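Biologist: I have a model open and would like to learn how to read its charged pairs and backbone angles. Could you walk me through it?

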Amino acid sequence: MSSSTNSPNKHAGVSHSWVGRFFLKSAIFVAGLGLCGILLGSLALALAWPNLPDLGAMIDYRPRVPLRIYTADKVLIGEFGEERRNVLRFNEIPDVMKSAILSAEDDRFYQHGGIDWTGVARAALANLTHMSKTQGASTITMQVARNFYLSSEKTYTRKFYELLLTFKIEATLTKDQILDLYMNQIYLGHRAYGFAAASRTYFGKPLGEITPAEAAMLAGIPKAPSRFNPIVNFERAKSRQGYVLNRMKNLGYLTEDEYQKASHQEIVIKSAPGTPAGGYAIHGEYVAELARQLLYGVYQDNIYSRGFNIYTTVNSKDQEKAYESVRSGILDYTRRSIYPGPETTLDLPANIEKDPAQLDAILDELQDKFPDSGDVLTGIVLDANPTKITVARTSKEIIDITDKRALRVVARGLAKNAKDKVRIQRGSVVYLHKNGDYWEVINMPSVQAAFVALRPQDGAIQSLVGGFDFAGGNFNRVTQAWRQPGSAFKPFIYASSLERGLTPATQISDEPFTLTAAQTGSKAWAPKNYGRTYEPMLTMRQGLYKSKNMVSIRIMQAVGPKYVQDYITRFGFDRERQPAVLPLALGAGSVTPLQLAGAYSVFANGGYRVPPYLIDHVTDSTGKVIMQAKPVIAGDAAARAIDPRTVYVMNDMMRGVATSGTGARVHRELKRTDIGGKTGTTNDSHDAWFAGFTPNLVGVVWMGYDQPRSLGSSETGGGASLPIWLDYMRYALKGVPETPPGPMPAGLSKIEGDFYFSEFPPGQAVARVGLPSPSDAPIDGNGPDGIGNLLDQLAGNNPQRREPAPLVPF
């Protein structure tokens with residue numbers, strides 16, 4: 001009995017003992033695991049913490065701000081760098097933007113210590129559910145850590161470093177500093193970094209002017225910048241905006257009325273000028289690229305992220321007018337040229353007009369191959385006959401061309417017997433242009449032009465246009481196109497002769513001139529006057545007015561090609577590009593439009609060589625001036641290039657060119673007497689020029705094909721390039737009073753209407769060149785006592801002149 005009675009107690013004791021030992025061992029095991037975890041965590045922390053990046057980049061935050069180019073009146077014309085930023089201080093960011101961001105990204109930002117553990121748990125559950133790393137619980141501090149130092153890959157290793165770095169950031173910076181960094185650093189699509197840049201990119205306004213509705217749309221972008229930005233996907237952006245607005249209301253940032261008003265506000269997407277999506281307020285692309293190249297030569301690739309600001313010498317209104325004038329001149333030339341036919345012709349499906357989506361798809365695809373160029377727009381012909389052309393720009397924008405002036409330009413493409421290449425028909429891809437009050441079909445111009453205007457007192461470039469469309473290629477014809485200047489070069493030949501004894505009254509043969517193969521050493525040379533018209537004799541003045549080639553050749557032959565080559569270097573021309581041969585008298589050397597403008601500045605400013613310059617000053621990201629131009633100023637004795645008497649006489653003669661010579665249209669249209677200038681046309685009309693100036697402004701225009709070919713037998717500098725110059729100067733000189741000629745320099749006299757240097761008075765100056773010598777002629781250009789002998793005697797009479805100072809870019 002006793003044994004049977006004690007047995008249950010014995011088993012119970014054994015059972016309790018086993019359970020106790022189990023829990024004890026389990027506790028020890030768990031504690032061991034915990035201790036191991038702590039040890040491993042401590043080890044990982046000990047290894048990882050020293051490798052965390054230093055926070056100096058945050059504390060001394062210097063964002064990657066792009067290079068920006070401005071006009072002299074502070075209009076933005078260019079931005080270079082992968083990241084577009086407009087950095088604001090924390091107190092400059094509107095509260096509505098801050099509240100929208102907190103609502104969208106991290107509403108407990110000011111309560112947690114950098115990690116929102118509730119969000120972490122939610123993300124962990126999602127990752128376990130999907131058996132992959134699909135979600136995160138990134139707070140604003142975590143995003144700042146990632147943006148500054150880490151990648152965005154979704155791995156546990158990266159997350160571990162992010163957590164540690166987050167703690168370090170929270171321990172080092174204040175909450176306001178962290179939020180400030182986030183708002184200026186975060187990427188928001190379309191190369192916009194920070195909410196200030198995004199506001200300009202998407203709404204065309206400063207961040208301080210945004211509404212709650214717009215703030216909510218911006219705040220919704222960081223989740224997926226490529227998908228939620230309103231330019232790429234407005235509907236997705238609008239949906240995300242609704243979520244943010246609702247969060248703002250629930251968190252108390254918006255009242256019910258404010259919420260309703262924001263929800264119903266129409267969002268207008270309008271990119272500001274100066275943004276990648278919005279372009280720029282004026283067309284200064286060639287100026288901006290040239291300025292970039294100049295600064296790149298100093299700092300190389302470092303210029304794209306240090307926040308440099310280049311302030312050019314260009315005036316924004318003058319620059320835009322120059323752009324318009326060049327485009328207008330090129331389009332005028334294109335209209336009077338033979339219409340070459342449409343760009344291509346597609347097999348357009350029947351009744352496609354009834355399928356807007358398909359028609360728009362075709363038109364969108366055409367933009368890749370035939371893009372718009374400013375106001376020259378791509379379209380596709382829906383119907384064409386001699387009295388009307390119907391063109392689709394989009395499915396909703398159908399344009400009828402019915403104006404007789406427009407139809408006349410493309411008449412050969414509308415004729416019944418038109419060749420297939422020229423025929424305008426259904427499916428033809430054409431370009432449209434609004435010409436005043438009517439639309440026209442016009443081919444994309446293949447001819448090019450360039451224009452540059454300078455201030456002759458110091459060489460500051462006022463405007464510069466290097467071609468029809470910068471988007472078609474950034475080749476800058478103002479600075480890079482070396483072309484023959486033709487007759488625009490003649491004033492420099494004439495100037496050289498004044499200092500060798502010729503006068504405006506010197507009589508010069510205009511009869512045909514030839515050199516045999518034996519004389520040239522290669523092949524015979526028989527230059528001709530334009531129009532092949534000749535006269536027995538002209539004065540030097542008349543020869544310049546009429547731009548007679550024979551007169552220029554004989555002047556150069558008289559003074560000597562080598563002397564001329566040496567003389568013209570005073571104007572800034574390259575000796576190696578101006579060979580010492582007689583064809584140089586006809587502009588057979590090579591110049592750029594900028595070089596020619598700099599040379600004409602010597603005439604405009606009284607005889608001083610002032611190298612052109614574009615950059616006035618450069619500042620760093622803080623506004624500190626780090627470079628400042630120090631231009632040569634007219635009046636500096638060291639910059640004296642030619643005799644002031646030569647300047648006075650040449651200006652008088654070139655004002656005559658602009659009044660009654662080949663440039664007489666200048667006076668007819670501008671009604672000014674203080675303008676001098678010269679037309680220029682090369683052989684077979686490959687190049688057309690006009691160079692003109694007042695004492696305060698020099699302008700040079702060139703027109704031609706990049707691959708030289710004839711502009712047409714009837715095209716000249718006066719017909720092709722002068723209209724561009726006039727269109728610009730009509731604006732630039734409006735309201736500017738005329739500048740009368742100054743007093744004659746010492747050593748110059750005007751006797752019986754003609755100018756004479758004191759060392760070459762009547763009776764001693766060269767009277768005739770290339771003409772039979774009358775018995776009573778004091779000095780003749782042909783006889784043994786003629787000009788050659790005279791020039792040898794007078795070679796040492798000209799005063800020594802110092803060469804101008806070398807070009808200093810900044």
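Modeller: Happy to; we will take salt bridges, then two backbone angles. This is a predicted model, where local features need pLDDT of at least 70, side-chain atom pairs count only at pLDDT 80 or more, and totals for chains, interfaces and linings use all residues. Residues are numbered from 1 along each chain as its sequence is written, and side-chain values use heavy atoms, with hydrogens and water left out.

Biologist: What counts as a salt bridge, and how many are there by this rule?

Modeller: The criterion is a side-chain nitrogen of Lys or Arg within 4 Å of a carboxyl oxygen of Asp or Glu. By this rule there are 35 salt bridges. One of them pairs Arg247 with Asp107, with the closest N and O atoms 2.7 Å apart.

Biologist: Where do Arg247 and Asp107 lie?

Modeller: Helices (H or I, at least four residues) and strands (E, at least two) are DSSP runs, numbered from the N terminus. Arg247 sits in helix α11 (residues 234–250) and Asp107 in the loop between α3 (95–105) and α4 (117–130), so the pair ties together parts that are 140 residues apart in sequence.

Biologist: Where do Lys562 and Asp566 lie?

Modeller: Both belong to helix α22 (residues 561–568), 4 residues apart, about one turn of the helix. Their side chains form a salt bridge at 3.0 Å, N to O.

Biologist: Is Asp458 buried or exposed?

Modeller: The general scheme is this: buried means under 20% relative accessible area, exposed over 50%, and partly exposed in between (1.4 Å probe, protein chains only). Asp458 is buried, at 9%. The partner of Asp458 in a salt bridge is Arg455, with the closest N and O atoms 2.8 Å apart, and Arg455 is partly exposed at 32%. For the earlier pairs, Arg247 is partly exposed at 22% and Asp107 is partly exposed at 34%. Lys562, at 49%, is partly exposed, and so is Asp566, at 30%.

Biologist: Which residues are linked in a network of salt bridges?

Modeller: Look at Lys321, Arg665, Glu669, Asp727 and Arg730, which salt bridges link into a network.

Biologist: Now the backbone: what is the phi of Ser547?

Modeller: Ser547 has a positive phi of about 55 degrees, although Ser547 is not a glycine. Ser547 lies in the loop between α20 (540–546) and α21 (549–559), and is buried at 11% relative accessible area.

Biologist: And where is Ser685?

Modeller: Ser685 is in the loop between β18 (676–681) and β19 (687–694). Its phi is also positive, near 55 degrees, in a residue other than glycine. Ser685 is buried, with a relative accessible area of 6%.
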